[in-house]
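Visitor: I have a chain open on my screen and would like to talk it through with someone. Could you walk me around it?

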Amino acid sequence: MRYVVFLDLDNTFWTVDGVPESALEAIGRAQARGHRVFSNTGRSRGETRDLMPYGLDGRCYAAGAEAFLGERKVVDNPLGVEVSRALLEVLDVGEGILIAEGGDRCFVRGYDADFLAETQRTCARTNDPFIDHPDIGLMSDADHAQIYKYSLWVRGGVPADVLSSIPEGFVPTSMGDATEFTDLRFSKATVLETIRRIVEETDGKEYATMAVGDSGNDISMLRAAQVSVCMGNGTNEAKDVADYVTRAIDEDGLYHAFEHFKLI
């Protein structure tokens with residue numbers, strides 16, 4: 001059986017120290033045997049480190065709203081200017097850090113200066129592009145047109161009154177201090193079937209889907225895949241829904257998962 005494999009990024013594919021060599025070896029060996037390997041992240045493309053050097057077959061961004069097969073964009077579902085402006089109005093509450101996440105460019109506003117500086121220092125360690133974004137107030141219609149999602153970071157979590165005022169059709173996903181706001185129609189789970197179908201049409205071959213993740217925002221993807229793997233460093237809730245729990249990322253976890261399911 002050939003697989004299209006979908007990899008979460010943070011603490012699944014890479015850490016603050018980079019991508020384990022064993023993970024790159026596993027991906028290359030799996031591809032040589034006819035499998036396809038995609039990244040699948042909640043981050044937008046403009047909020048993600050460059051993935052092109054790693055030799056993946058494709059990349060899924062913004063919780064399934066944008067995706068590439070090689071260099072060809074095959075999924076493109078930005079919010080649209082009016083929707084982006086409406087969501088910004090709701091989230092511009094004067095707390096924490098607000099990020100408008102686009103494909104080509106992102107924008108940020110830091111209401112909490114200390115929190116922003118602390119987050120910038122963390123991002124600088126991993127070469128994340130967070131620190132390079134201009135202020136949200138500079139956004140034009142063209143900028144709004146390429147926004148896929150918003151993220152609001154508030155110490156202790158986003159207030160309940162903000163969550164209750166989110167426009168219909170959006171889903172909040174919280175991970176500690178950060179909450180992402182994405183289009184309900186698209187997710188890390190829905191993009192699996194979309195990409196599987198496109199790859200089958202492109203290759204003229206049949207594929208099953210495999211998902212590898214580590215945390216709560218991967219659960220929908222793990223449940224949607226025909227085979228699911230949680231990293232050994234993953235959360236208990238992610239482990240509970242996975243078919244297999246591999247070793248931790250820094251213990252050659254991805255390599256052992258591919259080996260366990262005979263991709264390599």
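Guide: What follows is a conversation about the overall build of the chain, its sheet and a few single residues, and please keep in mind that the model is predicted.

Visitor: Fine. How many helices and strands does the chain have?

Guide: The chain has nine helices and 13 strands, and its C-alpha trace spans about 50 × 35 × 30 Å along the principal axes.

Visitor: And what does the radius of gyration say about a chain of 264 residues?

Guide: A compact globule with 264 residues would have a radius of gyration near 18 Å, and the chain has 18 Å, so the two agree. Buried residues make up 53% of the chain, and among the contacts with a separation of 6 or more, 59% are between residues 24 or more positions apart.

Visitor: What about the surface and the charges?

Guide: The exposed area of the chain is about 11500 Å², of which carbon and sulfur atoms supply 45%. As for charge, there are 26 positive and 44 negative side chains, and the centres of the two sets lie 6 Å apart.

Visitor: Let's go to the sheet. In which order do the eight strands come?

Guide: The order is 5-4-3-2-1-11-12-13, in an open sheet whose pairing is mixed. Strand 5 (72-76) and strand 13 stand at the edges with a single partner strand each, so one side of each is left without a neighbour in the sheet.

Visitor: Which strands does strand 1 pair with?

Guide: On one side, strand 1 is joined to strand 11 (residues 208-213) by five bridges, and the two run parallel; here Val4 stands opposite Thr209. Strand 1 also runs parallel to strand 2 (residues 36-40), with four bridges between them, and Val5 has Val37 of strand 2 as its bridge partner.

Visitor: Is strand 1 buried or exposed?

Guide: Strand 1 (residues 3-7) is mostly covered, with five of its five residues buried. Both of its faces are covered, since Tyr3, Val5 and Leu7 on one side and Val4 and Phe6 on the other are all buried.

Visitor: Carrying on past strand 2, what is strand 2 joined to in strand 3 (residues 58-61), and by how many bridges?

Guide: Three bridges join strand 2 to strand 3, and that pair runs parallel, with Asn40 standing opposite Cys60 in strand 3.

Visitor: And strand 9 and strand 10, in what sense do they pair?

Guide: Strand 9 (residues 170-175) and strand 10 (residues 178-183) pair in the antiparallel sense over six bridges, and one of the bridge partnerships is that of Thr173 with Glu180 in strand 10. The two strands form a hairpin with two residues between them, in which Gly176 takes a positive phi near 70°.

Visitor: Speaking of phi, which residue other than glycine has a positive value?

Guide: Asn11 is one of them, with phi near 65°. As background, most residues other than glycine have a negative phi. Asn11 sits in the loop between strand 1 and helix 1 (21-32) and counts as partly exposed because its relative accessibility is 37%. Ala62, which is not a glycine either, has a positive phi of about 55°; Ala62 lies in the loop between strand 3 and strand 4 (66-69) and is buried, with a relative accessible area of 2%.

Visitor: Changing topic, where is Leu88 found, and what is Leu88 in contact with beyond its sequence neighbours?

Guide: Leu88 belongs to helix 2 (residues 81-91) and is buried, with a relative accessible area of 12%. Leaving aside neighbours within four places in sequence, Leu88 is in contact with Leu98, Ile136, His144 and Tyr150. Arg185, which is 97 residues from Leu88 in sequence, is 19 Å from Leu88, C-alpha to C-alpha.

Visitor: One last spot: why does Ala242 count as buried?

Guide: Ala242 has 15% relative accessibility, and therefore counts as buried, the cut-off being under 20%. Ala242 is in the loop between helix 8 (236-241) and strand 13 (244-245), and apart from neighbours within four places in sequence it is in contact with Ser228, Val229 and Cys230. The C-alpha atom of Ala225, 17 residues away along the chain, is separated from that of Ala242 by 9.6 Å.

How values were computed: Residues are numbered from 1 along each chain as its sequence is written. This is a predicted model: local features need pLDDT of at least 70, side-chain atom pairs count only at pLDDT 80 or more; totals for chains, interfaces and linings use all residues. Side-chain values use heavy atoms; hydrogens and water are left out. The radius of gyration is taken over C-alpha atoms; the globule rule is 2.2 Å times the number of residues to the power 0.38. Buried means under 20% relative accessible area, exposed over 50%, partly exposed in between (1.4 Å probe, protein chains only). Contact means heavy atoms within 4.5 Å. Accessible areas come from the Shrake-Rupley method with a 1.4 Å probe; for residues, only the protein chains shown count as cover. Lys and Arg count as positive and Asp and Glu as negative; His and the chain ends are not counted. The place of a charge is taken as NZ of Lys, CZ of Arg, CG of Asp or CD of Glu. Two strands pair if DSSP finds at least two bridges between them.
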